[in-house]
Amino acid sequence: MEKKQQKAVIIRRDVSGGGSGFIGQSFSKLLKSRGHQVTIISRQPGQQKITWADVSKKGLPPCDAVVNLSGENVMNPLKRWTDQFKQEVIGSRIETTRIITQAISKSPNPPHTWVVLTGVGYYPPSNTQQYSEDSPGGNADFLSRLVRDWEGAAELCATEDKPVTQLVKVRTGAVLGRNGGPFPKMLWPFRFCLGGVLGSGKQPFPWIHIDDLCRLLCYTIEQEGKVGSILNAVSPSAVTDTNADFTRVLSKALGRPAFLFTPDFAVQLLFGSDRAPMLLEGPRVVPQRTLQSGFSFLYPTLDSALAQLLS
């Protein structure tokens with residue numbers, strides 16, 4: 001059956017003034033390869049771009065799907081964890097999401113699918129309990145409250161006079177890719193035999209390969225949102241993978257020893273007591289509904305993912 005062409009709008013906060021971001025670049029490339037039209041919402045106008053001011057004043061252009069990839073990097077070590085930076089993190093997620101939600105609500109011909117990419121920080125940290133898409137979220141730390149409010153900003157009010165837009169919340173783990181995200185920063189210490197576990201190494205490591213995340217987002221809009229209202233974007237093996245597992249597999253793949261470790265206090269000195277738990281703790285997440293929807297992963301294990309990233 002011939003695939004229906006879509007008009008996809010990628011939503012993101014243009015931090016560096018022109019790029020479409022690590023995930024945005026890969027996702028745009030995949031969409032275009034599948035015959036979709038892509039428009040990026042940015043701070044600055046440009047080719048195949050519209051501005052946030054345009055969306056606020058004029059609404060969305062005609063589109064079949066909207067995908068929100070916005071968000072300031074929470075773990076940026078160059079940013080001190082101040083109240084001002086917290087507000088930047090909140091604004092880059094919640095305010096941009098709210099602008100799009102309002103634009104969809106006001107559109108006479110709204111898109112069939114509205115995808116917001118959030119995070120598995122929604123779930124409480126646990127070394128033993130597994131969290132599926134049906135599990136309740138946490139409320140004890142900044143990150144879980146942020147994701148809760150972020151997803152809340154994406155909720156649409158039902159109306160009887162317009163087609164229903166399907167909201168899909170995609171909660172992603174650490175996105176592993178060559179050209180951005182945490183992986184390049186993780187890689188260089190291992191190349192110089194300085195790699196090792198963080199803290200105890202027992203903390204869960206929910207992750208997904210960049211190609212699988214982009215394929216899942218594409219799958220979601222091509223299925224017109226009929227895949228479920230919440231999807232966990234983590235690899236199948238991530239439910240048991242730990243920081244120590246990542247260290248072992250990467251060390252083996254590189255042929256480098258990884259005897260060192262970074263103690264808890266050193267992580268806390270570098271990132272602060274508020275952000276350190278994001279590295280030293282984590283939720284054990286299973287992509288239950290993602291797999292039930294029929295989606296298949298290209299890189300379901302750390303071995304397969306790291307082999308591709310290092311090839």
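Student: Which residues form one aromatic cluster with Trp81?

Tutor: This is a predicted model, in which local features need pLDDT of at least 70, side-chain atom pairs count only at pLDDT 80 or more, and totals for chains, interfaces and linings use all residues. Residues are numbered from 1 along each chain as its sequence is written, and side-chain values use heavy atoms, with hydrogens and water left out. Rings of Phe, Tyr and Trp (its six-membered ring) pair if their centres lie within 6.5 Å, and planes under 30 degrees apart count as stacked, over 60 as edge-to-face and the rest as tilted. The cluster that contains Trp81 is completed by Phe85 and Phe142.

Student: What is the angle between the planes of Trp81 and Phe85?

Tutor: Trp81 counts as buried because its relative accessibility is 16%, where buried means under 20% relative accessible area, exposed over 50% and partly exposed in between (1.4 Å probe, protein chains only). Phe85 is also buried, with a relative accessible area of 2%. Their rings form an edge-to-face pair, 5.6 Å centre to centre, and the angle between the planes is 70 degrees.

Student: How many residues apart are Phe190 and Phe246, which form an aromatic pair?

Tutor: The two rings are edge-to-face, at 6.5 Å centre to centre and 85 degrees between the planes. Phe190 lies in helix α5 (residues 183–191) and Phe246 in helix α7 (residues 243–254), helices being DSSP runs (H or I, at least four residues) numbered from the N terminus. The pair therefore links distant parts of the chain through two buried residues, Phe190 at 5% relative accessibility and Phe246 at 3%, and their separation is 56 residues.
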